[in-house]
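Please look over the sequence and the structure shown below before reading on. The report that follows takes up one bent helix and then a set of salt bridges.

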Amino acid sequence: MKPERISFAHSLQQTLAWAYLLAMLGGFPFYFQNNYINIVASKKSFFQAATLSFLVPAALLGICSWAAARRKYPCRPAAWSAADLSALAFMAVVAISCFLSPEGAEAFWGDKGRQMGGLFLLLCAGAYWGVSRCYEHREWVCGLFLFSASILWLIMACNFWGWDLLGMHSNLKKSQIPHFLGTLGNQNINASYSGVLVSLMLAFYYASEQTLHRFCFGGISVLGIYACYCSSSDSWLLAAGGALLLLLALSMGDAAQMLKWLKCCMAFACGSLAMGITVSLARTLHWDSRFIQRFCRQTLLSSLSSLPLSATALALLLLLYLCIHRKGGAGRLMAWLKKYGNPLLAAGILVGILAIGISIFPLEDSFGTNRGYIWKRTLRNFRELPFWQKLFGYGPNCFYQSLQARFGAEMRELFDSPFLDAHNEALQILSITGILGLASYLGMQLCLLSACLRRRRQEGIFLAGCVGITAYLLQGLVNNPSIFTLPPFFIFLGMVENRLRKAKSEHPS
């Protein structure tokens, strides 16, 4: 193959990657069939069809280009990062887990329950590999990301106000309606998806240098916080709160960075204030929305967004911003924060974790809407598994099957429906892919997080990588990986790895 043909093959790979991102950013969040009844199956089929349509031709083009280049130039070892090796290990563990699983067919195809079978997990990892090798950044991708998130959150907000624009609630019972909004599904899915997404928006807002970019990311961050409140699930606070704490740690002692961090906090306060105004208007006008009624029963969220608290917080943040912004007005404070700020922040976080631990342990079954029950049963069940299943898990999409013999009857007696997942990402991955699967799955994310931290000042994508991965890991403490969240996350990891590869060649240090 001539050099110009190799170059043409690379161009085709880039075009395929752009088309794939167009489908996944612009189509995946909004695609559904038969409303919420088949939403899991429809999202899965969309993702798998789009990913196979991207990976198969991209892989063929890559193999042809590599073979032609190998004949012409000396063979060099492939440049694989630690994240690449972890992703490869995860794919191998998933394949072995499917092969060894007592529910082999279900483990691979994943036709029941959450439908996250081995094929789905392999395609998620494949999306990471394809994007990390074929993607070439273009500004329109950023614009599509902003537009897609805005539409998604506007649909959620309209549902919250009682406007079912897409008619998706037509097949639900009245009691079910407040638990489903937007084009994603139930409140937990919306909270985990939007929590990570708004954390990315805040990171890009923080890193933006151009006025237009700051305006867009800032405004959409406010909308995102508002949409997170609309989910009526407080798990998104782990993602957004963790993002703000990380940005604070990275800003400590630098006046310019602290001002950016305060702007992010003000975006959070504005979103909270907007929700407080919505609830006040609903009460004044006797606005009959089941979503608003359900939100008012959520003690933590309704307290955070109350008009007095959110307005006071916004005023204090604005006052602090003006004090630091005044030339020379915060020199001593910044010097003190640079020296003592992060140790104090770390100590505060540690004390908070200890306080939470003391308050919830010994863990009651009822903790976190029965999360305590399933967490303890998942660990008990894992301890009873044979050695090889401890290493490779019971099989993808077989969490319920693994618990069925020991706790199936108990769950059916205590709950209206059995638990299909662990409501904790680490426990879920541990159960279905074992110790090796969890190590490679987390290893991939932590390797990218470490690399992004080292290069966070070079480009906004690296800061977003730090914040996005941290937010995803934190919300995973109380949520599951899902058909809705895992594909976009792996694609994001692929984009981060792609830019890291280019940065290493441009700035080896």
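## What covers helix H17

In this predicted model, the buried residues of H17 are covered by parts that include helix H4 (104–109), helix H15 (367–384) and helix H18 (425–454). The residues of H17 that count as buried are Phe399, Gln401, Ser402, Leu403, Phe407, Gly408 and Met411.

## The bend in helix H17

Helix H17 comprises residues 399–414, and whereas a straight helix of 16 residues would span 22 Å at 1.5 Å a residue, the end C-alpha atoms of H17 span only 18 Å. Where does H17 bend? The bend is at alanine 405, and its angle is about 85°.

## Salt bridges between distant parts of the chain

Nine salt bridges are present in the structure. In one of them, the side chains of arginine 501 and aspartate 84 meet at 4.0 Å, taken from N to O. Because arginine 501 belongs to helix H20 (residues 486–506) and aspartate 84 to helix H3 (residues 82–100), this pair ties together parts that lie 417 residues apart in sequence. The two partners are not equally accessible: arginine 501 is partly exposed, with a relative accessible area of 29%, whereas aspartate 84 is buried, with a relative accessible area of 0%.

A further salt bridge joins aspartate 421 to arginine 114, with the closest N and O atoms 2.5 Å apart. Here too the pair links distant parts of the chain, since aspartate 421 sits in the loop between H17 and H18 and arginine 114 in the loop between H4 and helix H5 (118–134), 307 residues apart. Aspartate 421 is buried, because its relative accessible area of 3% is under the 20% cut-off, while arginine 114, at 40% relative accessibility, counts as partly exposed.

## A network that includes Arg377

Arginine 377 and aspartate 365 form a salt bridge in which the closest N and O atoms are 3.0 Å apart. Arginine 377 is in helix H15, and aspartate 365 is in the loop between helix H14 (331–360) and H15, the two residues being 12 apart. Is arginine 377 buried or exposed? Arginine 377 counts as buried, at 8% relative accessibility, whereas aspartate 365, at 27%, counts as partly exposed.

This pair also belongs to a wider arrangement, for salt bridges with shared partners join Asp365, Lys376, Arg377 and Glu410 into one network.

How values were computed
Residues numbered from 1 in each chain as written. Predicted model: local features only at pLDDT ≥ 70, side-chain atom pairs only at ≥ 80, totals over all residues. Heavy atoms only, no water. Helix = DSSP H or I, 4+ residues; strand = E, 2+ residues; numbered from the N terminus. Expected span 1.5 Å × (residues − 1). Bend = angle between axes of the 7 residues up to and from the residue. Buried < 20%, exposed > 50% of the residue type's maximum accessible area, 1.4 Å probe, protein only. Contact = heavy atoms within 4.5 Å.
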